[in-house]
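I sat down with this one and a fresh notebook page. Here is what I looked up, in the order I looked.

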Amino acid sequence: MFSPRVLKSASLLMCRGLSTSQMCLQGKAPDMADGNTFLLVSNVRNRLREIVGASTNWKDHQQALAERATLSQYLAQSQDELPAKTMKDSAIEAHLPLGSQPALREKYLNYHNSVRFGRILEDLDSLAVLICYSHTWNKELKRSPLSIVTALVDKIDMRKNIIYPDCDIKFTGHVTWVGKTSIEAKMHLSQYHDGAYTDVLDATFVMVARDPENKRAAFINPLKLESLEEEAIFQQGEINKTRRVELSTASLLKVAPTAEERTRIHNLFLNTLDTQTVSFRSRILPPNSVWMEDAKMKGLEICHPQERNIFNRIFGGFLMRKAYELGWANACAFIGSRPTLVAVDDILFRKPVEIGSLLLLSSQVCYTEGMHIQVRVHTEVLDPLTRQHSTTNVFHFTFCIEKDIPAVVPQSYGESMLYLDGKRHFDETMRSQG
């Protein structure tokens, strides 16, 4: 187990050039040698299918869902009926032996000779679900009656700017906080390099428990704290919950900007006025700036059965990977250079994405400061028959680059709100790392 820490550093990508022989020697961890009994990341989703009784064949999914509906009889009617579990009960260590098993590298390698971070997001999402099932597991049942799904990604902070494509990776994590129907799980990723493990990232996910048909909330086991350290970890989970409520309450979709924020937006407006015409409608782009309208990128995905999760909806990790890759491409095109990731922040899963949906992704550079760039990716599903749009997710990514970045300038009121929202997320990221 690990304690939450103030996380520093930035990024991902841009791997240093090392020879293959050097990397193979440096990247093989002793605890990932042949014969070890630890869980492999590649087996996590298979383990999840066993826990819920999910079908591996798409054609059998309706029958599998019908069978799961019969598990409702095993749901607890209150949390008091369930035995308390400890943090150790949910502790998991999973290995991604990129150094020890070269055949795995192709899936994770990008053309910069580094690890595709989108793939890491997929692995984190699957592992978070498995951690929560480990907390709620009832040994007397063959299958879990709970449907545990990702509610939000509270934070992912990078602690290292390189993830090597041929060095072994270790994931560890456990439950750190529980409510009545929701669970917080923290995970840590480290990589074996130069004869030792070094920290790569820390992630905090919040999951929710639902009934077998994923229609209503379900109770989960309470958490038993066994030390002062665990009490501190749990208390941090309470603080995280309070912070999320406060941020939601102060959302610009609900309340007006603060006086300071209104002044900032008005100053941006004044800086773009054409002093020659003295007209509110005549706008001039300041030097070293880009209109927000010109700092966006869009994408489309057809949601095929291959990307389904154990409940036959689109896998949340797949959505995160696609959003990250579009956000990264948007930042790269905006600054004309490869950005590195600093943090992933406040990913909210508003509704599930069904198989067969058209997934529309829209990325927007919404704030820049110094060498940092804040990107927001909005995803929505389009029903091709009814032509109705429904928001499914909003993603926030903070990138950096070792050079000055042009300012992004809003023109409309809606763009101004995106600008302020981006600044809020950027400021929160800097505070958490400071």
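**Pocket lining.** I sorted the residues around the largest pocket by class and got 9 nonpolar, 5 polar and 14 charged residues. I note here that the model is a predicted one.

I then asked how much space lies in the largest pocket, and the figure is about 860 Å³. Its lining has 28 residues, and those closest to the pocket centre are Leu247, Ser251, Asp346, Asp421 and His425. Next I looked up which elements give two or more residues to this lining: they are β4 (147-158), α7 (228-249), β11 (340-349), β14 and α10 (413-433). I marked α10 in my margin, since with 9 residues it gives the most to the lining.

**Rings.** How many aromatic pairs does the count come to? I have 8 in my notes. One of them is Tyr192 with Tyr197, an edge-to-face pair at 5.3 Å centre to centre with 75° between the planes. I checked the accessibility of both partners. Tyr192 has 12% relative accessibility and so counts as buried, while Tyr197 has 28% and so counts as partly exposed.

I moved on to Tyr324 and Phe399. Their ring centres are 6.1 Å apart and their planes meet at 35°, which is why I wrote this pair down as tilted. Where do the two partners lie? I found Tyr324 in helix α9 (residues 316-335) and Phe399 in strand β14 (residues 389-400), so the pair ties together parts that are 75 residues apart in sequence. Buried or exposed, I wondered; both Tyr324 and Phe399 turn out to be buried. I also followed these two rings into one aromatic cluster, which Phe117, Tyr324, Phe395, Phe397 and Phe399 form. I have met β14 before on this page, as it is among the elements lining the largest pocket.

**Charges over rings.** I went back to Tyr197 and found Lys170 over the face of its ring, 4.2 Å from the ring centre. I noted a second case with Arg45, which lies over the face of Phe315 at 4.1 Å from the ring centre.

**Whole chain.** I finished with the overall picture. I listed 10 helices and 15 strands in the chain. Of its 434 residues, 53% count as buried. I compared the radius of gyration with what a compact globule of 434 residues would have: the rule gives a value near 22 Å and the chain has 23 Å, so the two agree. For the box filled by the C-alpha atoms, taken along the principal axes, I wrote roughly 80 × 55 × 50 Å.

Technical notes. Residues numbered from 1 in each chain as written. Predicted model: local features only at pLDDT ≥ 70, side-chain atom pairs only at ≥ 80, totals over all residues. Heavy atoms only, no water. Phe/Tyr/Trp six-rings, centres within 6.5 Å; stacked < 30°, edge-to-face > 60°. Buried < 20%, exposed > 50% of the residue type's maximum accessible area, 1.4 Å probe, protein only. Helix = DSSP H or I, 4+ residues; strand = E, 2+ residues; numbered from the N terminus. Lys NZ or Arg CZ within 6 Å of the ring centre and 35° of its normal. 1 Å grid on protein atoms, 1.4 Å probe; cavity = no way out; pocket = protein on both sides within 12 Å on 5 of 7 lines; lining within 4 Å. Points joined across faces, edges and corners; volume = space filled by probe spheres on them. Nonpolar A, V, L, I, M, F, W, Y, C, P; charged D, E, K, R; others polar. Rg over C-alpha atoms; globule rule 2.2 N^0.38 Å.
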